[in-house]
Amino acid sequence: ELAAVQTALVKLSEIVVEIPELLEVQIDPLMLEISLSGGPCLVAGNARALVSLEPPNPRRLALAQYPQELEEVMALRSGQFVLVRPIRPEDEPAHHSFYSRLSHQDRMWRFFSDKKEISHSEMQWYTQIDYDREFAFIATAPSPSGNGQEFDTVGWVGGVGDPENETLEFGLVVDPAWKNQGLGKALMKKLIECCRAKGAREILGMVMSDNKPMLGLCRSLGFEAHRSPDDFDVTEVVLRLQEDPVRVSSLAL
């Protein structure tokens, strides 16, 4: 019974998001009954809606809507195509599969430890983001037949800004089978472009000093790199996006 109520509330929330002119919805009564198949179902005895004729407030939602305009199809050096888009909550299962395909070295370079799995609550942090102050893009490609998914996640880049959105901390990881095709650079360029459009002043990251591919990629994109004063095994990389100098944040990946 609880699942039926939860589903109804989710559907009602989707209506509110999709119809910005909607001011009020009243459902009275909302009855829980048993369907012909024997399962629970909700029945609305009476419903009314109040809509506005005025233009809706674009900032009416506490969290920004999914920015579909940022979706982009990209061609890789191999001739394959990927869809690069902002991550969504429903990407969690594919993201778990993506993480399971990472090598020991990938995990060490990304998390500074051999983090073998990510919990459901942690994965929610990666897939359920505030599009106003966080960026997380995934590259997706059609899944091989038989794995139960329509699309695979083959790359991820993300960043979290400070409260003023002046400094953004980034992370990047690519499926081992999709490396050396220019995907990592394409994802980083996407992140940089969106951060610059948002008015961020710098992008920074902490990279393990033996991660030569990442350091080479950052330098090719204009990042400054220097060894961390706190950990000689870590290199700090910073890309200035605006002319006004700002302090370098000490945020770590």
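**Exercise 1. Classify Tyr126 as buried or exposed, then describe its ring pair with Trp156.**

Step 1. Tyr126 has 14% relative accessibility, so Tyr126 counts as buried. Buried means under 20% relative accessible area, exposed over 50%, and partly exposed in between (1.4 Å probe, protein chains only). This is a predicted model: local features need pLDDT of at least 70, side-chain atom pairs count only at pLDDT 80 or more, and totals for chains, interfaces and linings use all residues. Residues are numbered from 1 along each chain as its sequence is written, and side-chain values use heavy atoms, without hydrogens and water.

Step 2. Trp156 is buried too, at 6%.

Step 3. The ring centres of Tyr126 and Trp156 are 5.9 Å apart and the planes stand at 85 degrees, so the pair is edge-to-face. Rings of Phe, Tyr and Trp (its six-membered ring) pair if their centres lie within 6.5 Å; planes under 30 degrees apart are stacked, over 60 edge-to-face, the rest tilted.

Step 4. Ring pairs join Trp125 to Tyr126 and Trp156 in a cluster.

**Exercise 2. Work out the geometry of the Tyr99 and Phe111 pair.**

Step 1. The centres lie 5.8 Å apart and the planes at 70 degrees, so Tyr99 and Phe111 are edge-to-face.

Step 2. Tyr99 is buried, at 6% relative accessible area. Phe111 is partly exposed, at 21%.

Step 3. Arg110 lies over the face of Phe111, 5.0 Å from the ring centre. The criterion: NZ of Lys or CZ of Arg within 6 Å of the ring centre and within 35 degrees of the ring normal.

**Exercise 3. Find the ring under the charged end of Arg227.**

Solution. The ring belongs to Phe232; the charged end of Arg227 sits 4.2 Å from its centre.
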